[in-house]
Protein chains: 2
Amino acid sequence: MFDAKLETAKIIQFIKDYFDNNRLYGAIIGLSGGKDSTIAAALMVEALGKDRVTGVTLPCHSKSEDATDAKRIANHLGIEVINFDLTKTFDTFKEGMAEFVGDEKECINSDINLKPRLRMAALYYLSALYSAKKAKTYIVVGTSNKSEIFVGYYTKGGDSVSDIRPLGDLSKEEVVMIGDYLNLPYDLVHKTPSDGLSALSDEEKMGVSYLDIAKYMEDPSLLEEKTRDKIRHLHESSLHKLHTATYQKDQ
Amino acid sequence: MFDAKLETAKIIQFIKDYFDNNRLYGAIIGLSGGKDSTIAAALMVEALGKDRVTGVTLPCHSKSEDATDAKRIANHLGIEVINFDLTKTFDTFKEGMAEFVGDEKECINSDINLKPRLRMAALYYLSALYSAKKAKTYIVVGTSNKSEIFVGYYTKGGDSVSDIRPLGDLSKEEVVMIGDYLNLPYDLVHKTPSDGLSALSDEEKMGVSYLDIAKYMEDPSLLEEKTRDKIRHLHESSLHKLHTATYQKDQ
């Protein structure tokens, strides 16, 4: 049984230890308005105090509600929040690419993954900038949870690139339990997960529910064969994202 | 003793096997004009044939000689080469960041690392675009060698993100031997390594020579204490780049 109180305390200690042992000072975290970044930010504040955490909203042709929710959580936690709009950068990049694109449909996948890659670049830019400004080391917080990582629901070179991942071993359901334990705004913690890039929810996009992913990670035999196969396929076909095929001399 | 002929054959087989086993078709590779991308591109062509390899020049406020050398190698290999100038994207990104920057000196580090991150985003954009266009899967080739990886001379979320790394287990000296074995243009294979982003060579930036790094990886006792300490420090202080500190429930 998942003990939200105990796990919360252990995660906070893990963050403190990592910062102390590596003489780090501050954390830069992208706030999407979704539950993962909301709860990860709250844990960082519990561990480091509100003055050492900076939230960043990174709109890129995005829905404005997401930025509003992100600001709400930043205010709730009492942390600094800055806004870096990536829309113009995205558009300039796309203009440069135009000569290689025949039909706009060809770049649907390219566009979807460009956004998290630009967000990653922005978070690392700010992390190095704050480190220089304050002469103290800042790092980038990753907000992926175990369920998303398991089925490959992330962008290689995008949201998968970070320095510390407080939620990396928790299922989506466990993340929610921590959010409730920390008394974070109910509607943010229980918001339908979505990447904010399309009208579809995460579960609609993946074709499986987070609850089924959690069950699979616990014990695949809990699921019907069809769901089990779907999740196994998502998992196996995404493993290449974690890995760079590297030639080894003595193979 | 390093056998360039044997290793070249083994690398080519490794690339072929990886593409066959994963039903991949094409390779997208950034051509900097430097020896690593030159030699990695040549190996990809040996393995896949020239029609399945696309070289990309990615200038970003760069020296024009580098793009010229990159085009020379592409012509030598007979591969398609496309140019995607990132200068405007870089500048647009910087304009958006301006409000957070007090003194330009604060963003020296941020700027240096933004370029390889934008290049990574461009290579993956093109890889997905070509995959859609040709209905066959393209992947991104990484050009890092073992010496650079060992001392952390790369950008996390930048040139370190790729799908296949043919040179990943070779020292800089071994890479050169393969370039000579493949009869690639002498001046490109023996060019002084530099990131093309500043006036300094790689060795000047790192403060150690590639030959000393190779010796250290072979047997640290071959080196004087001062050099040994310097390389150990570079190695140890860069290990965090390979790693994301991830909370584990049962720790």
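Visitor: A residue is buried if 20 or more other C-beta atoms, placed from the backbone, lie within 10 Å of its own, exposed if 12 or fewer, and partly exposed in between. How many residues of strand S1 of chain B are buried?

Guide: In S1(B), residues 26-30, 4 of the 5 residues are buried, so this strand is largely enclosed by the rest of the structure. Strands (E, at least two residues) and helices (H or I, at least four) are DSSP runs, numbered from the N terminus. The model is predicted: local features need pLDDT of at least 70 and side-chain atom pairs count only at 80 or more, while totals for chains, interfaces and linings use all residues. Residues are numbered from 1 along each chain as its sequence is written, and chains are lettered from A and ligands numbered from 1 in the order in which they are written.

Visitor: Which strands pair with S1(B)?

Guide: S1(B) pairs in the parallel sense with S2(B), residues 53-57, over 4 bridges, and with S4(B), residues 138-140, over 3 bridges. Pairing requires at least two DSSP bridges between the strands.

Visitor: And which residues stand opposite each other there?

Guide: B:Ala27 stands opposite B:Ile139 in S4(B), and B:Ile29 has B:Gly55 in S2(B) as its bridge partner.

Visitor: New topic. How many residues does each chain give to the contact?

Guide: Chain A and chain B each give 50 residues, where contact means C-beta atoms, placed from the backbone, within 7 Å. On the side of chain B that touches chain A, H5(B) supplies the largest share, 15 residues.

Visitor: Which other elements of chain B give two or more residues?

Guide: Besides H5, they are helix H1 (4-21), helix H4 (87-97), strand S5 (164-165) and strand S6 (245-246).

Visitor: What does S6(B) pair with in chain A?

Guide: S6(B) pairs with S5(A), residues 164-165, in the parallel sense over 2 bridges. Within the two strands, A:Arg165 stands opposite B:Thr246.

Visitor: Back to H5. At what angle do the two H5 helices pack?

Guide: H5(A) and H5(B), residues 108-134 in each chain, pack at about 170°, with their axes 9 Å apart. That makes H5(A) roughly antiparallel to H5(B), a label for angles over 145 degrees on a scale from 0 to 180. The contact includes A:Leu114, A:Leu118 and A:Tyr125 of H5(A), and B:Leu114, B:Leu118 and B:Tyr125 of H5(B).

Visitor: Why can one say that the copies meet through the same surface?

Guide: Of the interface residues of chain B, 100% are also interface residues in chain A, so the copies meet through the same surface.

How values were computed
Angles under 35 degrees count as roughly parallel, over 145 as roughly antiparallel, 65 to 115 as roughly perpendicular and the rest as oblique. Two residues are in contact if their C-beta atoms, placed from the backbone, lie within 7 Å.
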